[in-house]
Amino acid sequence: MHADWIIDYLHSHLQREGKSTLSQQVYQLLREAIRRQQITADSPLPASRILAKTLQIGRNTVLSAYDQLLAEGYLYSRPGAGTFVSPAFAGLSSRQQADSEHAGLSRRGQVLTAQCRLPTGLIGAFAPGLPELRQFPHAIWQRLQHQHNKQAADHWWHYQQEGGLPALRQAICTYLQLSRSVRCQPEQILVVQGAQQALELTARLLADQDDQAWMEEPGYAGAQAALQAAGLQVVPVPVDQEGLNPAAAPAGSHPRLIYITPSHQYPSGVVMSLARRLELLQRAKADNSWVIEDDYDSEFRYDAQPIASLQGLADSARVIYLGTFSKVMFPAMRLAYLVIPPALIDAFRASYARLYREGSYAQQAALADFIEQGHFARHIRRMRELYRIRQQLLRSTLHQALGNALPLSAGQAGMHLVASLPAGISDQQLSQQAEQEQLWLRPLSRHYLAQPQANGLVLGYAGVEETSIRQSATRLAQLVEPWL
């Protein structure tokens, strides 16, 4: 690859407002391009001074990235000649690279790796699931964290097995009772490090190898991966306008677990009807199944109050309720929680403490204060109005450019819309093309376990500023129009 092309490649992929520093991004981009042989062996890299000037970044930023790549063997230098790409990957085919990456993995490890394809473009338009982070009350949060780090009780630094800080479990319990109609007591709350960990723990404790788990089709890829990693037979059950349809499940199927997102199905956005909820609970009771209710972004509803939880309807205590702070606060917090039926509390708490270990009690104390002092509720109210405005702006911009040629989902709630594409259009090809424009269009087809029944684009808008929404939606319309 010519040095000028390397400059163009870096220029198009650098994210000025990304979480990683510019030096880290230059290092990561070059490393991956070398590994994939997009930059061939012995290719010269641009001089650090020229690269820094062209990208409008500091020379030390470039030198730091180059030094790290030199230290790891991806580059080599010739005194007086410059810096060049190592020939280490020369002659290694992509198939050989894949084989080397999987060398030594168990069969389960290979299945898990295949299911853990991470999406590109986690930040920016239109990455789904990303909340607005710039308007989060950082000063208040940092003050509370500093206060509890400074005044942390001595026993917080030891191993814990309480299931979470009691003050936080009480705050979560009160919030769920009032806002989500969840029937619970503080001792039923188990605080964990993220929703994925909660899913993994639940699958391991409530199901055996090769048990069946019903999964919404299309559905959340993270849940698909967690259930399959636990060795379960994941059975895709179609979603219609009332949510997951038990009558459409394969004949003779008897699930041990049923994963659902009833308040705002991911990714379709439909809300499970009351009749369907009751039908599902009856089916779970008859099959002795456990329902995992993932209530991931129910706080953000725009045409009415948030829908009450399915857990609040359950008389048979067959529901495990899952919530997270990643969407309402920020993803890096890595705090989520389960509401567990009383008969399972001791088993879940002991298993979590042994397998994962508890921690971050100072952070949990800060979060408890954040909730109890009203900051949490105020932030949700602000974000609910902001997201409503951003969704409307995305709709109006796309409609102005394309009319009704790109139908959008109803969007009564949540942080994303689904744009439906006509049959014959590949949402994955369109997504790959959009990457060149720095647009992150999540293909709807990737959310199917079986043969995709629809093509579409999952468009996140919550974390995109209004100016960027207008500009990015205009670029999206220009990109999509030739396909329509």
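This is a conversation about why certain labels are used for a predicted model.

Colleague: Why is proline 131 called buried?

Modeller: Its relative accessible area is 2%. Buried means under 20%, so proline 131 qualifies. Proline 131 sits in the loop between helix 6 (107-115) and helix 7 (138-150).

Colleague: Which residues does proline 131 touch?

Modeller: Leaving out residues up to four places away in sequence, its contacts include Ser326, Met329, Phe330, Tyr387 and Ala462.

Colleague: Why is arginine 36 called exposed?

Modeller: Arginine 36 has 58% relative accessibility. Exposed means over 50%, so the label fits.

Colleague: And what makes arginine 36 and glutamate 32 a salt bridge?

Modeller: Their closest N and O atoms are 3.9 Å apart. The cut-off is within 4 Å, so the pair counts. Glutamate 32 has a relative accessible area of 22%. That value lies between the 20% and 50% limits, so glutamate 32 is partly exposed.

Colleague: Why is glutamate 132 called buried, and arginine 134 partly exposed?

Modeller: Glutamate 132 has 0% relative accessibility, so it is buried. Arginine 134 has 41%, so it falls in between the limits. Their side chains meet in a salt bridge, 3.2 Å from N to O.

Colleague: Where do glutamate 279 and arginine 276 lie?

Modeller: Both are in helix 11 (residues 274-287), three residues apart. That is about one turn of the helix. Their salt bridge is 3.7 Å, N to O. Arginine 276 is at 7% relative accessibility, so it counts as buried. Glutamate 279 is at 32%, so it counts as partly exposed.

Colleague: Which residues do salt bridges with shared partners join into one network?

Modeller: Glu132, Arg134, Arg390, Glu465 and Glu466. The whole structure has 14 salt bridges.

Colleague: How do you know that the span of helix 2 agrees with what is expected?

Modeller: Helix 2 (residues 22-35) has 14 residues. At 1.5 Å a residue, they should span 20 Å. The end C-alpha atoms are 20 Å apart, so the two values agree. Just after helix 2, glutamine 37 takes a positive phi of about 60°.

Colleague: Why do you say the largest nonpolar core lies between two domains?

Modeller: That core has 67 residues, and Phe325 and Met329 have the most contacts inside it. Helix 14 (residues 375-402) gives the largest share, nine residues. Domain 2 (136-373) and domain 3 (378-483) both give residues to this core, so it lies between them.

Methods:
Residues numbered from 1 in each chain as written. Predicted model: local features only at pLDDT ≥ 70, side-chain atom pairs only at ≥ 80, totals over all residues. Heavy atoms only, no water. Core = buried A, V, L, I, M, F, W, Y, C linked by side-chain atoms within 4.5 Å. Buried < 20%, exposed > 50% of the residue type's maximum accessible area, 1.4 Å probe, protein only. Helix = DSSP H or I, 4+ residues; strand = E, 2+ residues; numbered from the N terminus. Domains from an automatic or database assignment. Expected span 1.5 Å × (residues − 1). Contact = heavy atoms within 4.5 Å.
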